[in-house]
Amino acid sequence: MTEMSEGDEVGEVGEVSELAGLEARARASVRPVADEGLVVCDNLVRVYRTDEVEVQALQGLDLVIGDGECVALVGASGSGKSTLLSILSGLDLPTAGRAKVAGHDLLAMGRRERLGYRRRTVGFVWQQTGRNLLPYLTALENVALPMKYARVPHRSRRERAAELLDVLGVAYCRDRRPAELSGGEQQRVAVAVATANSPRVLLADEPTGELDTASGADVFAALRRANEELGATVLVVTHDPLVSDQVRRTVRIRDGRTSTETLREQGGEGAEFTVLDRVGRLQLPTEYVERYGLRGRVRLTAEPGHVGVWPDAPESPGSPERER
Ligand SMILES: Nc1ncnc2c1ncn2[C@@H]1O[C@H](COP(=O)(O)OP(=O)(O)OP(=O)(O)O)[C@@H](O)[C@H]1O
């Protein structure tokens, strides 16, 4: 992020070794929160209050993301995706519930912990290319900047910045300023900026939203590299099927809650899942609701190993009434 100021205090960070060694160490390090999930949101609520209205942007959202996952977050406009990302990035505070990322309790963090959290635990890529990079710095200087605030020695940060640009396929951009880069190149440099301090979690809000298909694919490839080669757990908000169809897990959010999700095995068809909340409520995928004409009251049957959900119409073909 480019929102840091020179005056912010930070802890001391030692000499940074070569990129590959650093990331390997990060991946191999003991991760005590991995059992529970690197990102855990439990009954998360965010209410925005203005003079006249109250908007419930998140209405008890549950989400667990494991260490090393690459997850797409999709949902209609206004469903709460950006609100969730703002909370996870440490920019916004939830009204109630629980949010934990890499052992940090986002509701209980003090100012100093929050600053360190935003600097080292999470990286962020915004949709608007202009928001990710400082216009008067070259690509290399932009990538080196977050490391400067983390007190990485000058030579090491230039070396790591160059390596990151190389890994993300934009080494040739290192001495150019943002105005001299295409939108896709700017976003790939933005991924380098966001991963400069080896964050555990990389958050991206519509990073391909302003790009054509080919540039979007390049940016998604950079996010994938950050996930697979740099070891960052990635959560990307997207309307872009190119992104959501290629990740293993796509989580849908509806009215401020996680509703359904698709899990894909490599090269295979996606399987649909839904989240059962703590009192046993679940939301069926719209496609299933429409396909089986489910409306209002539905009939439940306890079957061996599963639960059947049937339209509440005795004459429906294949319904339990017919089978009796
Ligand atoms: N600062 C704010 N003050 C008041 N209401 C807000 C604020 N930020 C978001 N909201 C409201 O909260 C709800 C969720 O907004 P949010 O931006 O998280 O949705 P989104 O899913 O990211 O939408 P989009 O896909 O259009 O970006 C919306 O009704 C929005 O109007």
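**Close-up views of a predicted model**

In strand 9, arginine 249 is the bridge partner of valine 71. The structure shown in these views is a predicted model.

**Figure 1. Strand 3 and its parallel neighbours.** Strand 3 (residues 70-74) runs parallel to strand 9 (residues 249-254), and four bridges join the two. Besides the pair formed by valine 71 and arginine 249, leucine 73 has valine 251 as its bridge partner in strand 9. Strand 3 is also joined to strand 8 (residues 233-237) by four bridges, again in the parallel sense. Here valine 71 stands opposite leucine 235 of strand 8. Valine 71 thus appears in pairs with arginine 249 and with leucine 235.

**Figure 2. The two faces of strand 3.** Side chains in a regular strand alternate between the two faces of the sheet. In strand 3, Cys70, Ala72 and Val74 point one way, whereas Val71 and Leu73 point the other way. The residues on both sides are buried. The strand is accordingly described as mostly covered, with five of its five residues buried.

**Figure 3. The hairpin of strands 9 and 10.** Strand 9 pairs with strand 10 (residues 257-264) in the antiparallel sense over five bridges. Arginine 254 stands opposite arginine 257 of strand 10. The two strands form a hairpin with two residues between them. Aspartate 255, in the turn, has a positive phi of about 50°. Most residues other than glycine have a negative phi.

**Figure 4. The shell around the ligand.** The residues that surround the ligand are Tyr48, Thr50, Val55, Ala57, Gly75, Ser77, Gly78, Ser79, Gly80, Lys81, Ser82 and Thr83. Strand 2 (54-65) and helix 2 (81-88) are the elements that give two or more residues to this shell. Helix 2 supplies the largest share, three residues. By character, the shell divides into three nonpolar residues, eight polar residues and one charged residue.

**Figure 5. The open antiparallel sheet and helix 2.** Four strands form an open sheet in the order 2-1-4-5, with antiparallel pairing. Strand 2 and strand 5 (104-105) are the edge strands, each pairing on one side only. At one of these edges, two bridges join strand 5 to strand 4 (residues 96-101) in the antiparallel sense, and valine 101 stands opposite histidine 104 of strand 5. Helix 2 lies across strand 1 (39-49), strand 2 and strand 4. Helix 2 runs at about 65° to strand 2.

**Figure 6. Leucine 88 in helix 2.** Leucine 88 is placed in helix 2. This residue counts as buried because 24 C-beta neighbours lie inside 10 Å. Leaving aside neighbours within four places in sequence, leucine 88 is in contact with Val39, Ala99, Val101, Val122 and Leu203. Leucine 88 and arginine 297 are 209 residues apart in sequence, and their C-alpha atoms are 37 Å apart in space.

**Figure 7. Two loop residues with positive phi.** Alanine 102 lies in the loop between strand 4 and strand 5. Although alanine 102 is not a glycine, its phi is positive, at about 50°. Alanine 102 is partly exposed because 19 other C-beta atoms lie within 10 Å, whereas a buried residue has 20 or more. Glutamate 206 lies in the loop between strand 7 (201-205) and helix 8 (213-228). Glutamate 206 is not a glycine either, and has a positive phi of about 50°. With 20 C-beta neighbours inside 10 Å, glutamate 206 counts as buried.

**Figure 8. Leucine 165 in the largest nonpolar core.** The largest nonpolar core has 69 residues, of which Val143, Leu165 and Val189 touch the most other members. Not counting residues up to four places away in sequence, leucine 165 touches Ala139, Leu140, Val143, Val170, Ala171, Cys173, Arg174, Val189 and Ala192. Val143 and Val189 are thus among the residues that leucine 165 touches.

**Figure 9. The chain as a whole.** The chain has eleven helices and 13 strands. Of its 324 residues, 37% count as buried. Among contacts between residues at least 6 apart in sequence, 65% join residues at least 24 apart.

Methods
Residues are numbered from 1 along each chain as its sequence is written. This is a predicted model: local features need pLDDT of at least 70, side-chain atom pairs count only at pLDDT 80 or more; totals for chains, interfaces and linings use all residues. A residue is buried if 20 or more other C-beta atoms lie within 10 Å of its own, exposed if 12 or fewer, and partly exposed in between; C-beta atoms are placed from the backbone. Two residues are in contact if their C-beta atoms, placed from the backbone, lie within 7 Å. Two strands pair if DSSP finds at least two bridges between them. A residue is near a molecule or strand if its C-beta atom, placed from the backbone, lies within 6 Å of it. Ala, Val, Leu, Ile, Met, Phe, Trp, Tyr, Cys and Pro count as nonpolar, Asp, Glu, Lys and Arg as charged, and the others, Gly among them, as polar. Axes are lines fitted to C-alpha atoms, for helices over the stretch in contact, and angles run from 0 to 180 degrees between N-to-C directions. A nonpolar core is a set of buried Ala, Val, Leu, Ile, Met, Phe, Trp, Tyr and Cys residues joined through C-beta atoms within 7 Å.
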